[in-house]
Amino acid sequence: MIGFGLPYIRGYQPRFNLQMSLAEAVSRWLAKNPSFEASSATMVAQRHVDTRTLSFSSPPTMTNAPPPAELSQLEAIARRFDVAGRDERNRSLGKAGEERVFHHERRNLLASGRSDLADKVRWVSQEDGDGAGYDIASFAPNGSPRLIEVKTTNGWERTPFYITRNELEVADARRQE
């Protein structure tokens with residue numbers, strides 16, 4: 001918890017020889033429960049700050065550092081838990097999933113004798129950027145449009161995934177298509 005900037009559980013001593021699967025599990029839980037971090041920060045502030053003794057000074061600089069013992073413990077966690085590496089692997093996996101769906105849609109339309117539509121299938125997130133609320137613009141064999149949001153995982157079929165507010169709004173607005 002200290003590695004994530006959160007208070008540790010009272011009664012448990014902080015330990016820094018943890019398995020990376022534990023850090024990854026905490027990271028996944030925090031991603032699914034973003035309000036926890038905000039409420040924890042508020043609780044910690046309320047519990048430890050006496051408003052009568054607050055002092056205001058210049059903001060911290062890059063030269064500020066935690067105490068040496070805490071710094072070495074945090075660095076040990078950071079070395080083992082490669083957040084940037086995990087994010088890059090997730091982006092790569094997501095792109096591979098989108099690419100597979102893109103080619104699948106084109107093949108299905110070609111197999112249905114709709115080469116005219118197969119040529120119009122678009123990988124929207126790759127061509128226009130990720131913000132349209134869907135990743136692939138395709139067609140059913142009858143010519144009706146299909147908007148596809150791709151979610152890719154290397155986990156099992158019940159692996160939770162994140163849906164953005166924009167993705168939900170687009171799905172709701174275009175429900176009949």
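**Exercise 1. Contacts and overall layout**

Among contacts in the chain between residues at least 6 apart in sequence, what percentage join residues at least 24 apart? Work this out, then describe the order of the secondary structure elements.

*Solution.* Start by keeping in mind that this is a predicted model.

- Step 1. Take the contacts between residues at least 6 apart in sequence; 50% of them link residues at least 24 apart.
- Step 2. Tally the elements: the chain has seven helices and three strands.
- Step 3. Put them in sequence order, and the pattern reads α-α-α-α-α-β-α-β-β-α.
- Step 4. Turn to burial: of the 177 residues in the chain, 19% are buried.

**Exercise 2. Where to trust the coordinates**

Find which element has the lowest mean pLDDT and which has the highest, then locate a stretch where pLDDT stays under 50.

*Solution.* Let's go from the whole chain down to the segments.

- Step 1. The chain has a mean pLDDT of 76, with 61% of its residues at 70 or more.
- Step 2. Among the elements, the lowest mean, 51, belongs to helix α2 (residues 34-48), while strand β1 (residues 122-123) has the highest, 97.
- Step 3. Over residues 41-56 pLDDT stays under 50, and the model gives this stretch four contacts beyond four places in sequence.
- Step 4. Where pLDDT is low, the predicted coordinates should not be read in detail.

**Exercise 3. The nonpolar core and tryptophan 123**

List the residues of the largest nonpolar core, and say which elements each supply at least two of them.

*Solution.* We begin with the members and then look at one of them.

- Step 1. Ten residues form the largest nonpolar core: Phe102, Leu109, Leu117, Ala118, Val121, Trp123, Ile136, Phe139, Ile148 and Val150.
- Step 2. At least two residues of this core come from each of α4, α5 (115-118) and β2 (136-139).
- Step 3. Now pick tryptophan 123: beyond its neighbours within four places in sequence, tryptophan 123 contacts Lys95, Glu98, Glu99, Phe102, Asp135 and Ile136.
- Step 4. Compare with the general picture: in soluble globular proteins, nonpolar side chains tend to be buried together.

**Exercise 4. Three residues, three settings**

Is glutamate 105 buried or exposed? Classify serine 115 and glycine 143 in the same way, and give the partners of each residue.

*Solution.* Take the residues one at a time.

- Step 1. Glutamate 105 sits in helix α4. Its relative accessible area is 6%, so glutamate 105 is buried. Not counting neighbours within four places in sequence, glutamate 105 is in contact with Val121, Ser138, Phe139, Arg146 and Ile148. For one of these, arginine 146, the C-alpha to C-alpha separation is 9.9 Å, with the two positions 41 residues apart in sequence terms.
- Step 2. Serine 115 belongs to helix α5. With a relative accessible area of 41%, serine 115 is partly exposed. Beyond four places in sequence, serine 115 touches Leu109 and Leu110. The C-alpha atom of serine 115 is 10.0 Å from that of proline 141, 26 residues away along the chain.
- Step 3. Glycine 143 is found in the loop between β2 and β3 (145-148). A relative accessible area of 31% makes glycine 143 partly exposed. Beyond four places in sequence, glycine 143 touches Arg114 and Leu117. Its C-alpha atom lies 9.7 Å from that of aspartate 116, 27 residues away along the chain.

**Exercise 5. The largest pocket**

Describe the largest pocket by volume, by lining residues and by residue class.

*Solution.* Here we move from the space to its walls.

- Step 1. The volume of the largest pocket is about 1,400 Å³.
- Step 2. The lining has 40 residues, of which Asn90, Thr152, Pro160, Phe161 and Tyr162 are the closest to the pocket's centre.
- Step 3. Elements giving two or more lining residues are α1 (20-32), α4 (83-111), α6 (124-127) and α7 (165-173). The largest share, nine residues, is from α4.
- Step 4. Sorted by class, the lining holds eleven nonpolar, 14 polar and 15 charged residues.

Note on methods
Residues are numbered from 1 along each chain as its sequence is written. This is a predicted model: local features need pLDDT of at least 70, side-chain atom pairs count only at pLDDT 80 or more; totals for chains, interfaces and linings use all residues. Side-chain values use heavy atoms; hydrogens and water are left out. On a 1 Å grid over the protein atoms alone, a cavity is a set of points where a 1.4 Å probe fits but cannot get out, and a pocket is an open set with protein on both sides within 12 Å along at least five of seven lines; lining residues have an atom within 4 Å of a point. Grid points are joined across faces, edges and corners, and a volume is the space filled by probe spheres set on the points. Helices (H or I, at least four residues) and strands (E, at least two) are DSSP runs, numbered from the N terminus. Ala, Val, Leu, Ile, Met, Phe, Trp, Tyr, Cys and Pro count as nonpolar, Asp, Glu, Lys and Arg as charged, and the others, Gly among them, as polar. A nonpolar core is a set of buried Ala, Val, Leu, Ile, Met, Phe, Trp, Tyr and Cys residues joined through side-chain atoms within 4.5 Å. Buried means under 20% relative accessible area, exposed over 50%, partly exposed in between (1.4 Å probe, protein chains only). Contact means heavy atoms within 4.5 Å. pLDDT is the predictor's confidence in each residue, from 0 to 100.
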